[in-house]
Amino acid sequence: MKSTHLSLIAGAVALAAITGFASLNAPEGTAAEETATASRLPVERSSLVCPAPSTSDLAETTYTSFTPPGTGAGKGQDAKGTAELKPALPVLDDEAETDPKKAKKAEEAAKKARAEADKPFLAVREPGKPVLAEADGADAPALVGTATGSLAPGWAAQQTTTVTVGGSRGLLGVRCTAPDTDFWFPGASTARSRQDYLHLTNPDDSAAVADIELFGAKGAVTSEVGDGITVPARSSVALLLSTLTDESADDLTAHVTTRSGRVGAVLLTADDGSGTDWLTAAADPSSSLVMPGIPADATSVQLVAYAPGENDADVKVQLMGKNTTFAPAGNDTLHIKSGMTATIDLKDITRGEPGSLRLTPVEKNRATPIVAALRVVRGTGAKQEYAYIPATGPVGDRASVTDNRAKGSTLSLAAPGADAEVKVTTSAGTGGGEAAVETYTVKAGTTMAVTPKPPAGLKGAYALTVETVSGGPVHASRALVLPKDGVQMFTVQTLPDDGGTVVVPSSRQDLSVLDD
């Protein structure tokens, strides 16, 4: 998924694109020299959206938010800024109420909702200090928000929901996401045993219009109601995928695009008897993909992949284990037909050691872009629980994940290319503690599973920030495990680059006067 962080100097970003193109053709001493001296500046503004956590009255949800320290503010920026998440507005019935009493009651409810939506639900006040809020039951809100100034670069948020009984039993974790216009979800389903809800959240002041396409093992799935879905301003809607088509399919790829506006999109999945969790959008189509952080005790791993282009894809399937990279026996390659979803049952591929899955072209001269995700199961029978690991981009300069507890967090680091050195910072807790830093070296072609050392004097939850020091690239994920009644309830969040900086070309013009 593409990052949509907004730069403090949008005009400068546009200029960067122009001069970058011109430098390919410009004579010496013009744009080529200016582009060579381009610099990176922190973004001024970031947006995040969080879906409504659960429909269960027994759900307990923790929201956490954090901006990493040390980013500073760019020239002309607000040195402090704000980073606030506010409740989304409820979606109102389009039909006019004819009963005067009911109409007045509806108007009062709408007025109250608008007033609540203007109040920050969760607000970061200072870089390096995470914050926490809690909400119980089915009324826990979807959130929309914006960060500015020094609180914008790297701003992150997460919601973690626990449901201990019932058909939706499980640990559900999801990073609040940046709004965008294009999302891929390999691993969706319309099977009778599944209830998959696609949540679309609009952070802006005007309505967005989205289209949903579904692709199965035989190609596009017929749907007459997936086009032109309106998401009202500052609101969130949830769509049950099985209502978009009459076809029942175990494994699908869902594709969400917007005709107008932008949304945050995530998929809430529930499987009868197996648990529930969120599936976030996979990385944009690419010929090489990494899915980091398969737990050592995984009892079942399923790969779901889709080829969106005109060509079939043939990929090598490899596991980056603790000490080396190897191909799983009998599943060393996968053929993915154009426009179709393919799956592989990799069973207990990790066999007691942590790992990450890597997909690369069988033939380098026939590199076909694909999207992919893993469905990972821990436990068996009534004690099983599952989570998703979508393909993700590298950590890059920096990435953060919030809501780490005193126990239960595991950080997985995978280096598909070269050796890499990374710095891992544990922040202070939401209620206190001292930040700490550790450095790790990840060998090429391996996965390192790290149990972060909680900050000294920890109170509450803390954030993890991963930075690439040298080598790489490095792909990362965080698994959070909260055992309950013999079930290893868990959830996995990937850590792609936080997009906290933007490349800006040098220019004789003073760009600091440009407003966003």
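What follows is a walk through two sites in a predicted model, namely the disulfide of Cys50 and Cys176 and the surroundings of Thr64.

A search of the whole structure finds one disulfide, and the residues that form this link are Cys50 and Cys176, whose sulfur atoms lie 2.1 Å apart. The angle about the S-S bond is 110°, and the link of Cys50 and Cys176 is right-handed. Because Cys50 belongs to strand E2 (residues 45-50), whereas Cys176 sits in the loop between strand E9 (170-175) and strand E10 (182-188), the pair ties together parts of the structure that are 126 residues apart in sequence. Are the two partners buried or exposed? Cys50 has a relative accessibility of 1% and therefore counts as buried, since the cut-off for that class is under 20%. Cys176, with a relative accessible area of 5%, is buried as well.

The second site centres on Thr64, which has its place in strand E3 (residues 60-66). With a relative accessibility of 1%, Thr64 also counts as buried, and what surrounds this residue can be read from its contacts. When neighbours within four places in sequence are left aside, Thr64 is in contact with Leu122, Val131 and Leu132, with Ala156, Ala157 and Gln158, and also with Thr402, Asp403 and Ala461. Of these partners, Asp403 deserves a separate look, as the side chain of Thr64 reaches the backbone nitrogen of Asp403 at 3.4 Å.

Terms used
Residues numbered from 1 in each chain as written. Predicted model: local features only at pLDDT ≥ 70, side-chain atom pairs only at ≥ 80, totals over all residues. Heavy atoms only, no water. Disulfide = S-S within 2.5 Å. Helix = DSSP H or I, 4+ residues; strand = E, 2+ residues; numbered from the N terminus. Buried < 20%, exposed > 50% of the residue type's maximum accessible area, 1.4 Å probe, protein only. Polar contact = N/O pair within 3.5 Å; in protein donor to acceptor, adjacent residues only side chain to side chain. Contact = heavy atoms within 4.5 Å.
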